[in-house]
Amino acid sequence: MKRALLLTGKPGTGKTALIKEALAKSKIKGGGFYTEEIRGGGIRQGFRIVTLDGQEAVLAHVGISSPYQVSKYKVDTDSLDTVGVSALRRALKKSDLIVIDEIGKMELLSPRFMKAVAQAINSGKKVLGTIMLTPHPFADEIKRHPEVEVLPVTGDNHSEVMQKVLNWLTEGNDNASRLG
């Protein structure tokens, strides 16, 4: 069993929804965060970080000021570091499962985030997350890590991916002795 399971696919294929649903169905407690859209008037205005222990922060928004921009969204790397990276650090210390949604263009603007991701992947703990589909040097390195399995998500394979994620989540940690 690989220790990290990362979902990838085009935007809007339901990667975050799969993670949230799998966590709810498995009842496994983890630490870390997921991202969700901020909508206004039916239009996506940005993204927020939501930690599994209930903290929230704006990650990116059309209406904030920041030197960093991805597409039409200005990215608040300070919020990512304060809320998202802190959640990953807590998970590294206290949780058996680390949730990272997402390892993407916006998040990879933060060196602290990249360091926390590398620590999580190398921690020996289970990591469930999403990772960008398009090439990026850091993301590509994570995808090639020997402890990482990458699962593509499409509009047509949700139930299949959900079953794989649930099976992976419930596999016992006693399998670690069979690795390598």
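## A look around the helices and a few residues

Helix α2 passes α3 in a left-handed crossing. Left-handed here says that the near helix is turned anticlockwise from the far one by less than a right angle, while a clockwise turn makes a crossing right-handed. Helices (H or I, at least four residues) and strands (E, at least two) are DSSP runs, numbered from the N terminus.

Before going on, a word on what you are looking at. This is a predicted model, in which local features need pLDDT of at least 70 and side-chain atom pairs count only at pLDDT 80 or more, while totals for chains, interfaces and linings use all residues. Residues are numbered from 1 along each chain as its sequence is written, and side-chain values use heavy atoms, with hydrogens and water left out.

### The first helix pair

Back to α2, which covers residues 77-94: its axis and that of α3 come within 10 Å and cross at roughly 15°. Such axes are lines fitted to C-alpha atoms, for helices over the stretch in contact, and the angles run from 0 to 180 degrees between N-to-C directions. Angles under 35 degrees count as roughly parallel, over 145 as roughly antiparallel, 65 to 115 as roughly perpendicular and the rest as oblique. The two helices, α2 and α3, are therefore roughly parallel to each other.

Which residues of α2 and α3 make the contact? On the α2 side they are L80, D81, V85, L88, R89 and L92, and on the α3 side R112, F113, A116, Q119 and A120. Contact means heavy atoms within 4.5 Å. Sorted by class, the residues where α2 meets α3 are seven nonpolar, one polar and three charged. In this sorting, Ala, Val, Leu, Ile, Met, Phe, Trp, Tyr, Cys and Pro count as nonpolar, Asp, Glu, Lys and Arg as charged, and the others, Gly among them, as polar.

### The second helix pair

Helix α1 (residues 15-26) and helix α5 (residues 158-170) also have axes that come within 10 Å, and these cross at roughly 50°. That is why α1 and α5 are oblique to each other. Their crossing is right-handed. From α1, the residues L18, E21, A22, K25 and S26 take part in the contact, and from α5 H158, V161, M162, V165, L166 and L169. The contact of α1 with α5 holds seven nonpolar, two polar and two charged residues.

### The whole chain

Stepping back, the protein has five helices and nine strands. Read from the N terminus, its elements run β-α-β-β-β-β-β-α-β-α-β-α-β-α. The radius of gyration is 16 Å, close to the 16 Å that the globule rule gives for 180 residues, so the protein is as compact as a globular protein of that length. This radius is taken over C-alpha atoms, and the globule rule is 2.2 Å times the number of residues to the power 0.38. Along the principal axes, the C-alpha atoms fill a box of roughly 50 × 35 × 30 Å. Of the contacts with a separation of 6 or more, 65% are accounted for by residues 24 or more positions apart.

How much of the protein is made up of buried residues? They form 47% of the 180 residues. Buried means under 20% relative accessible area, exposed over 50%, and partly exposed in between (1.4 Å probe, protein chains only).

### Five residues to find

Here are some residues to pick out in the structure.

| Residue | Place | Relative accessibility |
|---|---|---|
| K27 | loop between α1 and β2 (31-40) | 68%, exposed |
| S71 | loop between β5 (68-70) and β6 (73-75) | 62%, exposed |
| L80 | helix α2 | 0%, buried |
| E107 | loop between β7 (97-103) and α3 (111-121) | 4%, buried |
| A139 | helix α4 (residues 137-144) | 0%, buried |

K27 is not a glycine, yet has a positive phi of about 60°. S71, not a glycine either, has a positive phi of about 60°.

What does E107 touch, leaving aside its neighbours within four places in sequence? E107 is in contact with T35, L59, L80, E102 and F113. With neighbours within four places again set aside, L80 is in contact with F33, I49, L59, V85, E107, S110 and F113. A139, with such neighbours left out, is in contact with L108, I131 and M132.

Some C-alpha to C-alpha distances may help you find your way. E107 and K164 are 57 residues apart in sequence and 26 Å apart in space. L80 and S159 are separated by 79 residues in sequence and by 31 Å in space. For A139 and V85, 54 residues apart along the chain, the C-alpha atoms are separated by 17 Å.
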